Amino acid sequence: MASGYPEGFLWGAATAAHQVEGNNVNSDTWAEENAKGSPYAERSGDAIDHYRLYREDIALLARLGLKAYRFSIEWARIEPEAGHYSRSAIEHYRDVLIACREHGLTPVVTLHHFTSPRWLMRFGGWSDPATADRFAAYCETVVRELGDLIPYALTMNEVDLPVMLRDLFASIGQTPPVGIAAESWTAPEWREEAARLCGTTADKYRPFLTASDEASIAVVKDAHVKARAAMKRIRPDIQVGLTLALPDVQALPGGEERAENVWNGYFRQYLDVISGDDFLGLQNYTREVYGPDGAAIPEAGAELTQMGYEYDPEALGRVVRQVARDLSIPIVVTEHGVATDDDTRRVEFIRRGLEGLQGCLADGIDVRGYFYWSAFDNFEWNFGYSKTFGIVAVDRSTQERTAKESGRYLGEIARNNGLGRP
Ligand code: BGC
């Protein structure tokens, strides 16, 4: 225990189905990418063909030294039409879980990572209260079928991201942390087309990332609570949580109240549901600084990542401390990552992030795992393949994988259960 990390600490890397599997054709995101006027830079297409190559990919992560793998099961594959479950998709994910076991990787399974089945939009997507029951029924099926192989389940990824995006679009043209043009994202024409591709109309079209009004937030919370109960009914031992996107929110003089409101929106408003969970999945990439007029632009000369936000590895330790003040359940860092084409900056990002985390553990904060985002360079949503977060590079013309130095570095840390002595 010289490193300060407890025995059995989950050292891993993460992916999400839509970003790596390829051809997620029954999902709303696929419709968005293919809608005329889509703001997506490119289509996901075959992605990195992980749906076919998962066995090699899992073997590679294990060879690097990792002990855990976080990935998502795709609702649109398991239930391609309402109430119709695909035996073939269930068996696929069974084999993914078996591959993890064979390679000694503990699986942490996300049941929903932004994408939903197209058919859900016909019912009003994440604005329809009955979506909570639909989601719980899907989670129940997954756990009934595969629960013996799933020790950790995350119902939904970043339930606060819709709130974050809403506030971002309200406050800008284009500012940090993400350089998305608000107009292109909210333009009605392509949304109408995406809705049509989902077999519905724009008024019913409510994908997960737009679930930011009060009623939809209530649906998302209800979906989490119902899914957790459904999974626990079948397998009381399964450890259930959700993930939150949590930048370290800071205030400049005069920005205190704003920063407080932002933090309430990102974190505190979810405490009512999180407090009944087994752990919180915490995801951190950077900090956000608020002044009296809103989000402050990074200072001139600040190092920025490919995403346009500040390179700030220490934000992780700070936000873990912040969260721990309000929380009595364990924390698992389910994402921490940086988009850069300079892998030495990634090695440093991981090292400095983990030094901070080690300090948290030394102060008695209960952190159970660290997952780097991402295991592989992959489809970064509306940015397409241009942003490289992976510890493994992928040549998409051949689907050849090449481990980066950062992959070997994280693997070494996993083998040693910590950074070791400096
Ligand atoms: C998401 C990932 C995404 C990553 C990097 C997180 O918000 O869970 O899907 O790729 O951040 O932007």
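Here are some worked exercises on a predicted model, covering two sheets and two buried residues.

**Exercise 1. Work out which strands stand at the edges of the open sheet of 9 strands, and why one side of each is left without a neighbour.**

Step 1. Start with the strand order, which is E5-E4-E3-E2-E1-E12-E11-E8-E6, with parallel pairing.

Step 2. Look at the two ends of that order: strand E5 (239–241) and strand E6 (243–245) have a single partner strand each, so one side of each has no neighbour in the sheet.

Step 3. Add the twist: on average, neighbouring strands here are turned by 25° against each other, direction ignored.

Step 4. Zoom in on one pair. Strand E8 (residues 280–284) and strand E11 (residues 331–336) are parallel and share 5 bridges. Within E11, the residue opposite Gln283 is Glu335.

Step 5. Finish with a helix that lies across the strands. Helix H16 (residues 405–416) crosses strand E1 (10–14) and E12, and its direction is at about 155° to E1.

**Exercise 2. Describe how the open sheet of 3 strands is put together, and say what packs on it.**

Step 1. The order is E7-E9-E10 and the pairing is mixed. E7 and E10 are the edge strands, each pairing on one side only.

Step 2. Take the parallel part of the mix: strand E7 (residues 248–251) and E9 are joined by 4 bridges. Here Val249 has Glu288 in E9 as its bridge partner.

Step 3. Now take the antiparallel part, where E9 and strand E10 (residues 294–295) are joined by 2 bridges. Gly291 is opposite Gly294 in E10, and Tyr290 is opposite Ala295 in E10. The connection from E9 to E10 is a hairpin through 2 residues.

Step 4. Bring in the helix: H14 (residues 315–324) packs on this sheet and touches E7 and E9, with its direction at about 85° to that of E7.

Step 5. Check how enclosed E9 is. In strand E9 (residues 287–291), 4 of the 5 residues are buried, so the rest of the structure largely encloses this strand.

**Exercise 3. Find out what surrounds the side chain of Lys387, and whether a salt bridge is present or absent.**

Step 1. Locate the residue: Lys387 sits in the loop that links strand E12 (367–373) and strand E13 (392–395).

Step 2. Look for an opposite charge. Lys387 is buried, and the nearest side chain of opposite charge belongs to Glu380, 8.7 Å away. A salt bridge needs a distance within 4 Å, and Lys387 has none.

Step 3. Look for a polar partner instead: the Lys387 side chain reaches the backbone oxygen of Gln306 at 3.3 Å.

Step 4. List the surroundings. Apart from neighbours within four places in sequence, Lys387 contacts Gln306, Met307, Ala339, Asn378 and Glu380.

**Exercise 4. Decide whether Ser27 is buried or exposed, and name what it touches.**

Step 1. Place Ser27 in the chain: it belongs to the loop between helix H1 (17–20) and helix H2 (28–34).

Step 2. Read its accessibility. Ser27 has a relative accessibility of 0%, so it counts as buried.

Step 3. Follow the side chain of Ser27, which reaches the backbone oxygen of Asn24 at 2.8 Å.

Step 4. Collect the contacts. Not counting residues up to four places away in sequence, Ser27 touches His18, Glu74, Ala76, Thr115, Ser116, Pro117 and Arg118.

How values were computed: Residues are numbered from 1 along each chain as its sequence is written. This is a predicted model: local features need pLDDT of at least 70, side-chain atom pairs count only at pLDDT 80 or more; totals for chains, interfaces and linings use all residues. Side-chain values use heavy atoms; hydrogens and water are left out. Buried means under 20% relative accessible area, exposed over 50%, partly exposed in between (1.4 Å probe, protein chains only). Lys and Arg count as positive and Asp and Glu as negative; His and the chain ends are not counted. A polar contact is a pair of N or O atoms within 3.5 Å; within protein, one must be able to donate a hydrogen and the other to accept it, and residues adjacent in sequence count only if both atoms are side-chain atoms. Contact means heavy atoms within 4.5 Å. Two strands pair if DSSP finds at least two bridges between them. Axes are lines fitted to C-alpha atoms, for helices over the stretch in contact, and angles run from 0 to 180 degrees between N-to-C directions.
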